[in-house]
Amino acid sequence: MNIGYFWTDIATTVAQIPNADRFGVPGNVNLINFLFVLTFGLHFIFMNLTVGGVFVNVLSHIMGKDENNMFFKLKQIMPTINGVTLSFTITFGIAPLLFIQVIYGHLFYTVTILMAYIYVTFFIVLLIPYIFLYSQKLLKKHFGSNVLTIFGIITLIALFFVMLIFVAVSMAMLHPEQWMFMHEEMKGIAFIVSDKSFIHRYHYMIFSSIIGGGIMVMLIGWFKNFKDNDENYLKFQTFGGKVVVIFSVIQVIFGYLTYKSLDILIKSDFNLYTKVGGYVFMVSVLLTIVSAVLLIIFKKKILTITTTLLYILSIYGFAVFRDGLRHTYLRPYFKPFNKDVLTQSPDYGSMIFFFIVFIAGLFVIGYMIKIAMTLKPIEKEENPLERV
Amino acid sequence: MNYPIWDIPGIVGGIIIGMNAILHVFVSHMAVGLGLFIIFAEYKARKENNTAILKALKKTSFTGFLLFSFTIGALGGVGIWTTIGLVSPEATSMLIHNYVWGWAVEWVFFILEVFAGYLYFYSWDRVDDKTHRRIGFIYGASAWLSMVIINGILTFMLTRGGWEGNIGSNNFWLGFFNQTYWPSLLMRTIAALAIAAIVVSILSHIYLKDEEERASVIKYSGKFFYPMILMPVFFGWWFMVIPQRSRDYIIGVSPLMNLFFLVSIGLSIVVVFFAYIAMIRKPKEATLSSLIVIALITLGTILGAEFVREGVRKPFTIDETLYANQIYVKDAVNMRQKKESILLYSKWALTPYVTPENKLIAGHEIFKVECRMCHAVDGMNGIKGITKGWKVEHAEYVIENLNIIKEFMPVFVGTAEEKNALAEWIISLNKKDEKGGK
């Protein structure tokens with residue numbers, strides 16, 4: 001099925017789109033858009049660390065039979081780390097979800113209602129990873145290695161499903177011209193996934209997120225090296241580097257396919273903002289690959305840091321590109337930066353209050369990170385569910 | 001009506017939100033209460049070298065924070081946001097736009113809470129006592145401050161304070177510190193402490209082997225129930241400042257609201273009495289099942305109170321601003337004066353006009369726009385059951401005078417033809433059965 005057959009014309013579509021919120025925005029739209037991109041990047045980093053981390057978790061359960069094996073150590077720690085990063089993925093996901101509603105709320109609510117039955121399942125499905133990750137951590141004595149591997153696979157599938165929902169929602173948001181059809185048929189997700197570019201986008205999301213697993217293993221190795229001065233953990237870094245290289249190359253392929261599947265009119269309409277995001281993304285992905293290859297060859301610890309920083313830069317390049325792409329798609333229907341379309345009535349008191357709390361929060365987090373970096377080693381691992 | 005409608009057969013939107021909210025309210029208050037609890041309890045335990053409390057806190061920090069607050073609690077919060085966006089998009093949008101900086105502040109506190117919660121658990125016996133207490137303080141303060149913020153937004157929905165009907169120009173604070181802000185914050189804090197007390201007692205019962213240690217923790221936890229004595233005072237304060245119509249519902253205009261109010265009051269007395277006996281007077285004899293019963297009664301009290309809080313807002317979702325059916329009061333007043341069409345106002349209605357041929361379809365569309373938020377066709381609060389035996393003329397009269405006959409319902413908006421179409425459609429629901437019966 002080609003979704004193009006169901007397009008309605010621009011005038012009809014514009015009439016159909018709900019009005020933007022009548023109260024407008026209590027701040028500058030550019031500032032809110034900046035906060036959206038900033039927090040979306042953070043959310044994306046943690047999402048990739050989680051999805052990629054669970055991928056490594058499954059791999060380590062399959063390959064970590066021997067106690068001297070690196071994967072054996074990994075399988076001991078990954079369920080805990082996966083649980084923590086999942087919590088932060090959800091927590092960091094709140095802010096972009098908030099800021100996107102401030103600018104694109106009327107579009108966002110409409111598509112989520114049109115896909116309601118599927119969309120509403122995401123937070124229920126998100127319970128599955130928690131259940132199975134905690135089972136891996138707390139009940140490992142009760143289950144064999146194969147069962148624990150299956151727990152990891154189920155977790156990974158649940159996360160892929162949640163990604164599917166969000167890719168579908170964000171894609172449907174860009175196509176108001178198809179909403180009438182979705183409304184009449186109420187088959188939102190089936191309709192969107194039949195679009196040929198959907199599958200490339202979805203694959204792209206999956207493979208790019210697995211790079212996060214490589215980064216996670218590299219960082220574990222770096223941290224252990226830094227803290228315990230244990231050179232054995234250099235293996236972690238080189239293994240992580242390999243994951244980064246392999247999945248970055250796959251990411252480049254699917255990134256290209258996704259780009260190729262974009263409408264020619266969209267591609268010809270990119271503004272400077274979108275282009276800069278795209279270039280930063282492409283260059284930083286290539287440099288990430290180079291840095292990870294150098295890490296594998298020369299085994300220099302510092303290359304873990306450069307690879308990680310370049311990876312973060314690539315995520316922000318992608319976040320900017322994606323944001324620009326959204327503006328380009330929606331340009332015929334909605335121009336959020338036009339004050340006549342979305343009124344701006346800054347509430348300076350509450351805005352300044354937010355920035356004060358935000359900056360103070362960064363200091364408190366810095367203080368807690370400092371404590372976390374200097375924690376004494378665990379003398380004896382306890383089962384937190386055991387009676388004392 | 002700006003948005004399409006998520007029409008789930010037999011169910012009303014409020015129930016979807018409510019099912020999610022039941023658990024979330026309990027877990028989120030537990031998270032706040034535990035935060036305050038650990039600040040006091042760890043200070044006492046370190047000072048007196050009370051190993052029983054320390055053991056209980058260690059176990060609580062895993063089960064209470066990691067297993068419940070950061071999983072079910074966090075997902076429940078996201079779930080509420082998701083469901084209110086699907087069911088009441090206009091209200092959600094209004095609250096997001098008016099309070100974006102408030103939500104953003106709450107998000108910062110939430111991040112601090114999660115970070116501190118994990119660190120608190122993973123740093124047991126791995127940092128010095130003072131540092132550990134400091135981490136506990138960061139957790140407790142962030143959790144409580146997130147409540148301080150959310151309370152302003154929730155209470156704004158019932159009493160909008162000095163809010164001037166627009167955003168900007170300091171309207172945030174005018175609406176935030178509204179009439180019910182302080183009594184609600186105090187009541188929520190007290191409830192959070194009581195929930196924490198019962199949760200710590202249950203976890204101590206599960207995790208502590210030694211009977212003496214267990215009893216000492218339960219007895220100490222029981223003291224966190226004491227502030228409940230002040231609950232009637234703060235409730236009285238809240239009751240005095242809510243709108244007159246809301247007071248009337250509680251006193252008896254709405255029998256359901258009255259019932260839930262009485263149940264909530266009754267259960268709160270019972271729970272304080274039980275908690276005093278089981279946790280303070282006879283902690284050694286407190287069994288796990290008795291503590292679970294106290295927890296369930298506490299949950300029942302909260303449910304009753306939350307139901308009343310939600311219910312007394314009617315007919316508005318946001319005080320004097322937005323009706324429960326997502327139509328702005330200003331629009332409704334204007335449209336009613338000018339007898340304007342509701343179908344033309346509704347972007348997603350299947351038909352913009354009433355004609356003799358499409359009367360029933362149009363009537364159903366009007367029902368979706370104006371009534372579906374609180375009434376299913378046949379099921380929860382089903383319009384079919386409510387209107388059994390009615391005639392078209394009677395239905396039209398009720399629709400026209402809806403807000404007068406039932407104070408907690410919004411005004412009807414629409415033309416005379418639309419009113420008739422809605423009445424005809426409603427009556428048609430029972431006609432099929434009547435024909436079948438004959």
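The legends below describe close-up views of a predicted model with chains A and B.

**View 1. The interface of chain B and chain A in the predicted model.**
In this view, 81 residues of chain B are in contact with 83 residues of chain A, and the area buried between the two chains is about 7500 Å², 73% of which is given by carbon and sulfur atoms. On the side of chain B, W101(B), W107(B) and W348(B) lose the most area to chain A, and together they account for 13% of what that side buries. The size of an interface is often given as the accessible area lost when the parts come together.

**View 2. Polar and charged pairs between chain B and chain A.**
Across this interface there are 2 salt bridges, and one of the salt bridges in the model joins R22(A) to D331(B), with the closest N and O atoms 2.5 Å apart. The count of residue pairs in polar contact between chain B and chain A, with both residues at pLDDT 80 or more, is 25. Several helices of chain B each supply at least two residues of the side that touches chain A, among them helix 2 (51-87), helix 3 (89-98), helix 5 (129-156) and helix 7 (181-207). The largest share of that side, 18 residues, comes from helix 4 of chain B.

**View 3. The surroundings of S341(B) in a loop of chain B.**
S341(B) is placed in the loop between helix 13 (329-338) and helix 14 (342-345) of chain B, and it counts as buried because its relative accessibility is 15%, where buried means under 20%. The side chain of S341(B) is joined to that of E418(B) by a polar contact of 2.5 Å, while a polar atom of the S341(B) side chain also lies 3.2 Å from the backbone nitrogen of L343(B). When residues up to four places away in sequence are not counted, S341(B) touches M335(B), P352(B), T415(B) and E418(B).

**View 4. The surroundings of S254(B), between two helices of chain B.**
The loop that holds S254(B) lies between helix 10 (244-253) and helix 11 (255-281) of chain B. With a relative accessibility of 7%, S254(B) counts as buried, and leaving aside residues up to four places away in sequence, S254(B) touches D248(B), Y249(B) and F408(B).

**View 5. A tilted aromatic pair, F367(B) and W425(B).**
Over all chains, the count comes to 74 aromatic pairs. One of them is formed by F367(B) and W425(B), whose rings lie 4.8 Å apart centre to centre with 40 degrees between the planes, so that the pair is tilted. The pair links distant parts of the chain, with F367(B) in helix 15 (residues 359-370) and W425(B) in helix 19 (residues 416-437) of chain B, 58 residues apart. Both F367(B) and W425(B) are buried.

**View 6. Lysines over tyrosine rings in chain A and chain B.**
In chain A, the charged end of K267(A) sits over the ring of Y259(A), at 4.9 Å from the ring centre. In chain B, K59(B) lies over the face of Y207(B), 5.3 Å from the centre of the ring.

**View 7. Salt bridges of chain B, within one helix and between distant parts.**
The whole structure holds 22 salt bridges over all chains. K44(B) forms a salt bridge with E48(B), the closest N and O atoms being 3.2 Å apart, and the two residues both lie in helix 1 (residues 13-48) of chain B, 4 residues apart, about one turn of the helix. K44(B) counts as partly exposed at 23% relative accessibility, and E48(B), with a relative accessible area of 48%, is also partly exposed. A salt bridge between D125(B) and K58(B), with the closest N and O atoms 2.9 Å apart, links distant parts of the chain, since D125(B) is in the loop between helix 4 and helix 5 whereas K58(B) is in helix 2, 67 residues apart. With a relative accessible area of 56%, D125(B) is exposed.

**View 8. The salt bridge of E400(B) and K419(B), and a network of salt bridges.**
The side chains of E400(B) and K419(B) meet in a salt bridge of 2.8 Å, N to O, which links helix 17 (residues 392-400), where E400(B) lies, with helix 19, where K419(B) lies, the two being 19 residues apart. K419(B) counts as buried, at 15% relative accessibility. Further residues of chain B, namely R188(B), E306(B), R309(B), E310(B) and R313(B), are linked in a network of salt bridges.

Conventions
Residues numbered from 1 in each chain as written. Chains lettered and ligands numbered in written order. Predicted model: local features only at pLDDT ≥ 70, side-chain atom pairs only at ≥ 80, totals over all residues. Heavy atoms only, no water. Buried < 20%, exposed > 50% of the residue type's maximum accessible area, 1.4 Å probe, protein only. Polar contact = N/O pair within 3.5 Å; in protein donor to acceptor, adjacent residues only side chain to side chain. Contact = heavy atoms within 4.5 Å. Phe/Tyr/Trp six-rings, centres within 6.5 Å; stacked < 30°, edge-to-face > 60°. Lys NZ or Arg CZ within 6 Å of the ring centre and 35° of its normal. Buried area = accessible area lost by both parts, 1.4 Å probe. Salt bridge = Lys/Arg side-chain N within 4 Å of Asp/Glu carboxyl O.
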